[in-house]
Amino acid sequence: MAFQPSRPVSIGAHVNVHTSVGIPLVDLPVDAEAELRVSTLDDQTRALLRALGLTDGSSLRVCKSGEPFIIQVRATRIGMSRSVAAGLLVQPLDGLKGGA
């Protein structure tokens, strides 16, 4: 299944939601913290991210922007392509609205 940016779903299930619940992870600056809300990724990629510990509601921190895009979830750092990071919608913590 291909990357589908127009179909946001929970990372754990196929539940349609509006993109207003978050912003793309790639829009956050390094060291920003956020909570994962939804994903626009295919089933296989969502399953892999869940297996790595990135589940609905997970708190995360951006460690590196670009390629690879690296986040920290709990004590684990996860590297992913920028296109995968763009498919994750997050709610910034501390009132951050995104940006560089």
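**Salt bridges and strand pairing in a predicted model**

Three salt bridges are present in the structure, which is a predicted model. Side chains of opposite charge can pair when their charged atoms come close. Each of the pairs is taken in turn below, followed by the helix, the strands and the chain as a whole.

The pair formed by Asp31 and Arg61 has a nitrogen-to-oxygen distance of 3.0 Å between the two side chains. This contact ties together distant parts of the chain, with 30 residues separating the partners. Asp31 sits in the loop between strand S1 (23-24) and strand S2 (33-39), while Arg61 belongs to strand S3 (residues 59-64). Asp31 has a relative accessible area of 52%, so it is classed as exposed, the cut-off for that class being over 50%.

Glu35 and Arg37 make another of the salt bridges, again with 3.0 Å from N to O. Glu35 is partly exposed, because its relative accessibility is 22% and only values under 20% count as buried. Arg37 also falls in the partly exposed class, at 36% relative accessible area. Glu35 has a further role in the description of the strands, where it stands opposite Ser59 of S3.

The remaining pair to describe joins the side chains of Arg46 and Asp43, at 2.4 Å from N to O. Both residues are part of helix H1 (residues 43-51), and their spacing of three residues corresponds to about one turn of the helix. The partners differ in their surroundings: Arg46 is buried, with a relative accessibility of 3%, whereas Asp43 is partly exposed, with 33% of relative accessible area.

The two ends of H1 also deserve a look. At its start, Asp42 places a side-chain oxygen within 3.1 Å of the backbone nitrogen of Gln44. After the helix comes Gly53, which has a positive phi near 105°.

Turning to the strands, S2 and S3 run antiparallel and are joined by three bridges. S3 is paired in turn with strand S4 (residues 69-73), also in the antiparallel sense and over three bridges. Within this pairing, Lys64 has Ile70 of S4 as its bridge partner. S3 and S4 make up a hairpin with four residues between the strands, and in the turn Gly66 adopts a positive phi of about 105°. S3 thus takes part in pairings with S2 and with S4, and it also carries Arg61, the salt-bridge partner of Asp31.

For the protein as a whole, the model contains two helices and six strands, arranged from the N terminus as β-β-α-β-β-β-α-β. The protein has 100 residues, of which 37% count as buried. Among contacts between residues at least 6 apart in sequence, 65% join residues at least 24 apart. The accessible surface amounts to about 5200 Å², and carbon and sulfur atoms account for 54% of it.

Confidence in the prediction is given by a mean pLDDT of 82, with 74% of the residues at 70 or more. Two stretches call for care in reading the model. Residues 1-9 have pLDDT under 50 throughout, and the model gives them 30 contacts beyond four places in sequence. Over residues 12-19 pLDDT likewise stays under 50, with 16 contacts of that kind in the model.

Terms used:
Residues are numbered from 1 along each chain as its sequence is written. This is a predicted model: local features need pLDDT of at least 70, side-chain atom pairs count only at pLDDT 80 or more; totals for chains, interfaces and linings use all residues. Side-chain values use heavy atoms; hydrogens and water are left out. Buried means under 20% relative accessible area, exposed over 50%, partly exposed in between (1.4 Å probe, protein chains only). Contact means heavy atoms within 4.5 Å. Accessible areas come from the Shrake-Rupley method with a 1.4 Å probe; for residues, only the protein chains shown count as cover. pLDDT is the predictor's confidence in each residue, from 0 to 100. A salt bridge is a side-chain nitrogen of Lys or Arg within 4 Å of a carboxyl oxygen of Asp or Glu. A polar contact is a pair of N or O atoms within 3.5 Å; within protein, one must be able to donate a hydrogen and the other to accept it, and residues adjacent in sequence count only if both atoms are side-chain atoms. Two strands pair if DSSP finds at least two bridges between them.
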